[in-house]
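Q: Hey, could you walk me through this structure? I'd like to start with the helices and then jump around a bit.

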Amino acid sequence: MNRIPIRRATIHDLGLITPLFDLYRQFYEQDSDVAKAEKFLAQRLQHHESVIFLAFDGADAVGFTQLYPGFSSVSMARTFLLNDLFVVSSHRRRGVGSLLLEAAVAHAKAEQAVRISLTTNVANATAQAVYEAQGWAREKAFLTYNFKLTP
């Protein structure tokens with residue numbers, strides 16, 4: 001397979017990102033809502049609240065990853081949360097996810113971040129294998145807690 005091009009998305013790419021984002025949400029058992037997905041992504045991009053990378057096969061977008069910027073008080077430095085990573089089923093197991101991870105890491109390094117964190121479903125063994133093959137380490141020193149604010 002030829003190398004899949006990866007590039008940073010802009011607001012002009014909403015038409016490419018939105019269907020992938022909607023499929024990603026469906027993967028996590030959410031109802032399809034293309035209009036709401038487009039609005040959500042537009043807000044993130046317009047307000048510079050996320051960084052999105054797209055993977056292409058020709059003119060077709062076949063995957064994306066979305067990073068949210070943050071900071072570490074202890075390190076007094078920038079961090080990123082890799083919140084979303086999705087590859088269409090026809091392009092899975094072809095290295096697209098790894099290329100998107102590489103783009104995310106390169107971006108974080110360029111921004112002088114000290115860390116990228118991600119969370120994945122405990123049953124998603126395929127994703128875990130990709131992360132671990134790329135050198136990501138499972139957190140063992142800290143527990144994560146969530147406080148749900150909406151029903």
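A: Sure. One term before we start: a residue counts as buried when its relative accessible area is under 20%. Also keep in mind that this is a predicted model.

Q: Okay, so which residues of α1 are buried?
A: They are L14, I17, T18, L20, F21, D22 and Y24.

Q: And what covers them?
A: The cover includes the helix α2 (34-46), plus the strands β2 (51-57), β3 (60-72) and β4 (77-87).

Q: How does the span of α1 work out against 1.5 Å a residue?
A: It agrees: with 14 residues, α1 should span 20 Å, and its end C-alpha atoms are 20 Å apart.

Q: What comes right after α1?
A: That's E29, and its phi is positive, near 60°.

Q: Let's go to the other end of the helix. Where does D13 sit?
A: D13 is in the loop that runs between β1 (6-8) and α1 (14-27).

Q: Is D13 buried or exposed?
A: Buried, because its relative accessibility is 6% and the cut-off for buried is under 20%.

Q: What does D13 touch?
A: If you skip residues up to four places away in sequence, D13 touches R7, R8 and L54. With R7 there's also a salt bridge between the side chains, at 2.8 Å from N to O. R7 itself is partly exposed, at 35% relative accessibility.

Q: How many salt bridges are there?
A: The count comes to four. One of them joins E49 and R44, again at 2.8 Å, N to O. In that pair R44 is buried, with a relative accessible area of 14%, while E49 is partly exposed at 33%.

Q: Any with an exposed partner?
A: Yes, take E132 and R138, whose side chains meet at 3.5 Å, N to O. R138 is exposed, with a relative accessible area of 57%, and E132 is partly exposed at 45%.

Q: Back to R44 for a sec. Which ring does R44 lie over?
A: R44 lies over the face of F40, 4.6 Å from the ring centre.

Q: Speaking of rings, how many aromatic pairs does the structure hold?
A: Eight. One of them is F27 with Y28, an edge-to-face pair with 5.1 Å centre to centre and 85° between the planes.

Q: Why is that pair called edge-to-face?
A: Because the planes of F27 and Y28 are 85° apart, and an angle over 60 degrees counts as edge-to-face.

Q: Are those two buried or exposed?
A: Neither, they're in between. F27 is partly exposed, with a relative accessible area of 43%, and Y28 is partly exposed at 31%.

Q: Which residues do the ring pairs link into a cluster?
A: F21, Y24, F27, Y28, F40, F64 and F86. You've met F21 and Y24 already, among the buried residues of α1.

Q: Last topic, the nonpolar core. Which residues touch the most other members?
A: In the largest nonpolar core, which has 38 residues, those are L54, F64 and L67. At least two core residues come from each of α1, α2, β2, β3, β4, α3 (96-110) and α4 (125-133). The most come from α3, which gives seven.

Q: L54 came up with D13 too. What else is L54 in contact with?
A: Leaving aside neighbours within four places in sequence, its contacts include P5, I6, R7, L16, I17, L20, F64 and L100.

Methods. Residues are numbered from 1 along each chain as its sequence is written. This is a predicted model: local features need pLDDT of at least 70, side-chain atom pairs count only at pLDDT 80 or more; totals for chains, interfaces and linings use all residues. Side-chain values use heavy atoms; hydrogens and water are left out. Helices (H or I, at least four residues) and strands (E, at least two) are DSSP runs, numbered from the N terminus. Buried means under 20% relative accessible area, exposed over 50%, partly exposed in between (1.4 Å probe, protein chains only). Contact means heavy atoms within 4.5 Å. Rings of Phe, Tyr and Trp (its six-membered ring) pair if their centres lie within 6.5 Å; planes under 30 degrees apart count as stacked, over 60 as edge-to-face and the rest as tilted. A charge sits over a ring if NZ of Lys or CZ of Arg is within 6 Å of the ring centre and within 35 degrees of the ring normal. The expected span of a helix is 1.5 Å times one less than its number of residues. A nonpolar core is a set of buried Ala, Val, Leu, Ile, Met, Phe, Trp, Tyr and Cys residues joined through side-chain atoms within 4.5 Å.
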